[in-house]
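Below is a walk through one chain, meant for a reader who has not seen it before. Please keep the sequence and the structure in view while reading.

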Amino acid sequence: MADVFRLQDDGARSSLTFDCGDLPSDGAVAAAGHESSGHFWEGVATYTFGNGATGLDFDSDADMFSVYGERDDLERLRDLLRPLVNDGARIAALITKAEGEGFQFDA
């Protein structure tokens, strides 16, 4: 399976991106009542990265997840998101847990 994540540096800052809509976990996301969009994955990133997300600059849209920040933070975020993007059971469990705590992914 190809890695969907792109981690790039432009000299001034780093970015982490991936295209939405053809991810291995899309079926589980839809079954939970969400759309696998950049905005949904921003919510996942915010939930999973906790306070670390405050130093990130999200710039996602419907078709792409995009975030800017320090490379070390983006590498850690990528490592947290990778199993969720690639495994429907893992993202389904995370959605259930987060929503049980009152978290809203698409707000």
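Arg-76 is a starting point: with a relative accessible area of 47%, Arg-76 is partly exposed, because partly exposed covers the range between buried, under 20%, and exposed, over 50%. The model is a predicted one, and every value given here is computed from it.

Salt bridges that share partners join four residues, Asp-3, Arg-78, Asp-79 and Arg-82, into one network. Arg-76 has a salt bridge of its own with Asp-73, at 3.4 Å from N to O. Both residues of this pair belong to helix H3, where Arg-76 and Asp-73 are 3 residues apart, or about one turn of the helix.

How many salt bridges does the count come to? The count comes to 10 salt bridges. One of them joins Asp-9 to Arg-71, and here the closest N and O atoms are 2.6 Å apart. Asp-9 lies in strand E1, residues 6-9, while Arg-71 lies in helix H3, residues 71-86, so this pair ties together parts that are 62 residues apart in sequence. Both ends of the bridge are partly exposed: Asp-9 has a relative accessible area of 46%, and Arg-71 has one of 31%.

A further salt bridge brings together the side chains of Arg-13 and Asp-57, at 3.8 Å from N to O. Arg-13 is in the loop between E1 and strand E2 (14-19), and Asp-57 is in strand E3 (residues 57-58); the two residues are 44 apart, and the pair links distant parts of the chain. Is Arg-13 buried or partly exposed? Its relative accessibility is 42%, so Arg-13 counts as partly exposed. Asp-57, at 41% relative accessibility, also counts as partly exposed. Arg-13 has another contact to note: Arg-13 lies over the face of Tyr-68, at 3.8 Å from the ring centre.

The aromatic rings come next. A pair of aromatic rings is described by the distance of the centres and the angle of the planes. In this model the count comes to 9 aromatic pairs. Phe-40 and Trp-41 make up one of these pairs, with 5.2 Å from centre to centre and 80° between the planes. The arrangement is edge-to-face, because planes over 60 degrees apart are counted that way. Phe-40 is at 0% relative accessibility and therefore counts as buried. Trp-41 is likewise at 0% relative accessibility, and so counts as buried.

Another edge-to-face pair is formed by Phe-103 and Phe-105, with the centres 5.0 Å apart and the planes at 75°. Which of the two terms, buried or partly exposed, applies to Phe-103? Phe-103 is partly exposed, with a relative accessible area of 23%. Phe-105, in contrast, is buried, with a relative accessible area of 3%. Phe-105 is found in the segment after H4. Between Phe-105 and Ile-95 there are 8.4 Å in space, C-alpha to C-alpha, and the two are 10 residues apart in sequence.

The ring pairs can also be read together. They link Phe-5, Phe-18, Phe-40, Trp-41, Tyr-47, Phe-58, Phe-65, Phe-103 and Phe-105 into a cluster.

Next come the helices. Two packed helices are described by the angle between their axes and the distance between the axes. Helix H2 spans residues 38-49, and the axes of H2 and H3 come within 10 Å and cross at roughly 115°. That crossing angle makes H2 roughly perpendicular to H3. The crossing in which H2 passes H3 is right-handed.

Two exposed residues in other helices complete the walk. Thr-96 has its place in helix H4, residues 88-100, and is exposed, with a relative accessible area of 58%. From C-alpha to C-alpha, Thr-96 and Leu-81 are 16 Å apart in space, and in sequence they are 15 residues apart. Gly-27 is found in helix H1, residues 26-31. At 53% relative accessibility, Gly-27 counts as exposed. The C-alpha atoms of Gly-27 and Arg-78 are separated by 21 Å, and these residues are 51 apart along the chain.

Conventions. Residues are numbered from 1 along each chain as its sequence is written. This is a predicted model: local features need pLDDT of at least 70, side-chain atom pairs count only at pLDDT 80 or more; totals for chains, interfaces and linings use all residues. Side-chain values use heavy atoms; hydrogens and water are left out. Rings of Phe, Tyr and Trp (its six-membered ring) pair if their centres lie within 6.5 Å; planes under 30 degrees apart count as stacked, over 60 as edge-to-face and the rest as tilted. Buried means under 20% relative accessible area, exposed over 50%, partly exposed in between (1.4 Å probe, protein chains only). A charge sits over a ring if NZ of Lys or CZ of Arg is within 6 Å of the ring centre and within 35 degrees of the ring normal. Helices (H or I, at least four residues) and strands (E, at least two) are DSSP runs, numbered from the N terminus. Axes are lines fitted to C-alpha atoms, for helices over the stretch in contact, and angles run from 0 to 180 degrees between N-to-C directions. Angles under 35 degrees count as roughly parallel, over 145 as roughly antiparallel, 65 to 115 as roughly perpendicular and the rest as oblique. A crossing is left-handed if the near helix is turned anticlockwise from the far one by less than a right angle, and right-handed if clockwise.
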